[in-house]
Amino acid sequence: MASVDQRLPLYQRLRDEIAAKIATHEWRPGEAIPTEAELAVAHNVAIGTVRKAIQTLAEDGLVERFQGRGTFVRRPNFDSSLFRFLRFQGADGRHAVPESWILSRDSMSGPQDVTEALQLPASSRVIRMLRQRLLDGRPVLAEEIWLPEALFQPILAMAVSEIGSLLYPTYEQYCGQIVAMAEETLSIEAVTEPYASILALEPEASVELIERLAFGYQGQPLEWRRSRAAASTFRYHIELR
């Protein structure tokens with residue numbers, strides 16, 4: 001554990017080394033990591049130190065434990081995230097998932113709010129994608145997606161049809177970037193162009209804005225996404241226990 005800060009407690013140093021192996025894809029999402037006994041021997045530490053390190057990783061959302069099976073690198077699932085805030089129903093009244101269509105994809109010098117969100121130096125090159133999502137042929141969601149160009153260069157060379165509806169698998173397959181966690185903020189605003197046109201809304205109509213900042217396993221921002229939908233689709237769901 002020579003590469004980590006030696007001033008940290010031993011369990012924290014072990015936690016950081018395991019996190020680094022996950023971040024560099026030595027241990028990939030869905031794979032089991034070595035057992036606690038194996039880690040204790042490999043790092044010459046007590047089992048209790050390993051357990052505390054693993055517990056910290058689990059609390060941070062990097063791994064998950066399964067009784068009798070072991071500890072696995074967590075593969076987050078964000079597919080249903082928006083449905084906490086948005087209500088989409090097909091023509092038959094049932095819950096439905098909108099299809100996606102990328103309208104534009106550009107490379108540019110990052111605006112200040114974008115570089116600040118992605119923790120990049122001022123005017124760093126970024127990729128901006130504008131995406132429309134449709135349900136039964138009608139527009140229901142407009143998404144503005146910002147990526148650090150240095151990490152996502154392959155996205156610029158791909159055909160739009162190759163990018164697909166689920167972006168995170170594309171990021172992993174073509175760019176080697178894995179989204180491990182995200183934070184979301186919800187607000188309401190008056191719609192502006194080009195989103196009024198994308199959503200077929202009247203100017204200044206109310207829209208729900210969901211801002212998502214997605215992070216890699218080492219905590220570095222990978223994507224800043226702004227999703228807008230007509231306020232009539234608003235819903236809020238939370239589970240209390």
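The following exercises, each with a worked solution, treat the strands, helices and salt bridges of one predicted model.

Residues are numbered from 1 along each chain as its sequence is written. In this predicted model, local features need pLDDT of at least 70, side-chain atom pairs count only at pLDDT 80 or more, and totals for chains, interfaces and linings use all residues, while side-chain values use heavy atoms, with hydrogens and water left out.

**Exercise 1. The sheet**

Task: State in what order the six strands of the open sheet are arranged, and which strands form its edges.

Solution.

Step 1. Helices (H or I, at least four residues) and strands (E, at least two) are DSSP runs, numbered from the N terminus. Two strands pair if DSSP finds at least two bridges between them.

Step 2. The order of the six strands is β3-β4-β5-β8-β7-β6, with antiparallel pairing.

Step 3. Strands β3 and β6 (181-190) are the edges, since each pairs on one side only.

Step 4. Direction ignored, neighbouring strands of this sheet are turned by 15° against each other on average. For such angles, axes are lines fitted to C-alpha atoms, for helices over the stretch in contact, and angles run from 0 to 180 degrees between N-to-C directions.

Step 5. Helix α7 (residues 167-175) packs on the sheet and touches β4, β5, β7 and β8, where contact means heavy atoms within 4.5 Å. The direction of α7 makes about 160° with that of β8.

**Exercise 2. Strand β4 and its neighbours**

Task: Describe how strand β4 pairs on each side, and decide whether its residues are mostly buried or exposed.

Solution.

Step 1. Strand β3 (residues 99-109) is joined to β4 by ten bridges, and the two run antiparallel. Across this pairing, glutamate 99 stands opposite leucine 134.

Step 2. On pairing with strand β5 (residues 138-148), β4 again forms ten bridges in the antiparallel sense. Here arginine 128 has tryptophan 146 as its bridge partner in β5.

Step 3. Two residues lie between the strands in the hairpin of β4 and β5, where aspartate 136 takes a positive phi near 55°.

Step 4. Buried means under 20% relative accessible area, exposed over 50% and partly exposed in between (1.4 Å probe, protein chains only). Ten of the eleven residues of β4 (residues 125-135) are buried, so this strand is largely enclosed by the rest of the structure.

**Exercise 3. Strand β7 and its neighbours**

Task: Name the bridges and facing residues that link β7 to β6 and to β8.

Solution.

Step 1. Ten bridges pair β6 with β7 in the antiparallel sense, and alanine 182 stands opposite alanine 214 in β7.

Step 2. Strand β7 (residues 206-215) runs antiparallel to strand β8 (residues 221-230), with nine bridges between them. Phenylalanine 215 has proline 221 as its partner in β8, and glutamate 208 stands opposite alanine 229.

Step 3. The hairpin of β7 and β8 has five residues between the strands, and glycine 219 takes a positive phi near 85°.

Step 4. Eight of the ten residues of β7 are buried, so the strand is largely enclosed by the rest of the structure.

**Exercise 4. Two helices in contact**

Task: Determine how the axes of helices α5 and α7 cross and which residues make the contact.

Solution.

Step 1. The axes of α5 (residues 149-157) and α7 come within 9 Å and cross at roughly 95°.

Step 2. This makes α5 roughly perpendicular to α7; angles under 35 degrees count as roughly parallel, over 145 as roughly antiparallel, 65 to 115 as roughly perpendicular and the rest as oblique.

Step 3. Leu151, Phe152, Pro154 and Ile155 of α5 meet Thr170, Tyr171, Tyr174 and Cys175 of α7.

**Exercise 5. Salt bridges across the chain**

Task: Identify which elements are linked by the salt bridges of aspartate 113 and arginine 225.

Solution.

Step 1. A salt bridge is a side-chain nitrogen of Lys or Arg within 4 Å of a carboxyl oxygen of Asp or Glu; by this rule the count comes to 17.

Step 2. Aspartate 113 bridges to arginine 226, with the closest N and O atoms 2.9 Å apart. Aspartate 113 lies in helix α4 (residues 112-117) and arginine 226 in strand β8, 113 residues apart.

Step 3. Aspartate 113 is partly exposed at 35% relative accessibility, whereas arginine 226, at 14%, is buried.

Step 4. Arginine 225 bridges to glutamate 143, the closest N and O atoms being 3.6 Å apart. Arginine 225 is in strand β8 and glutamate 143 in strand β5, so the pair ties together parts 82 residues apart in sequence. Both arginine 225 and glutamate 143 are buried.
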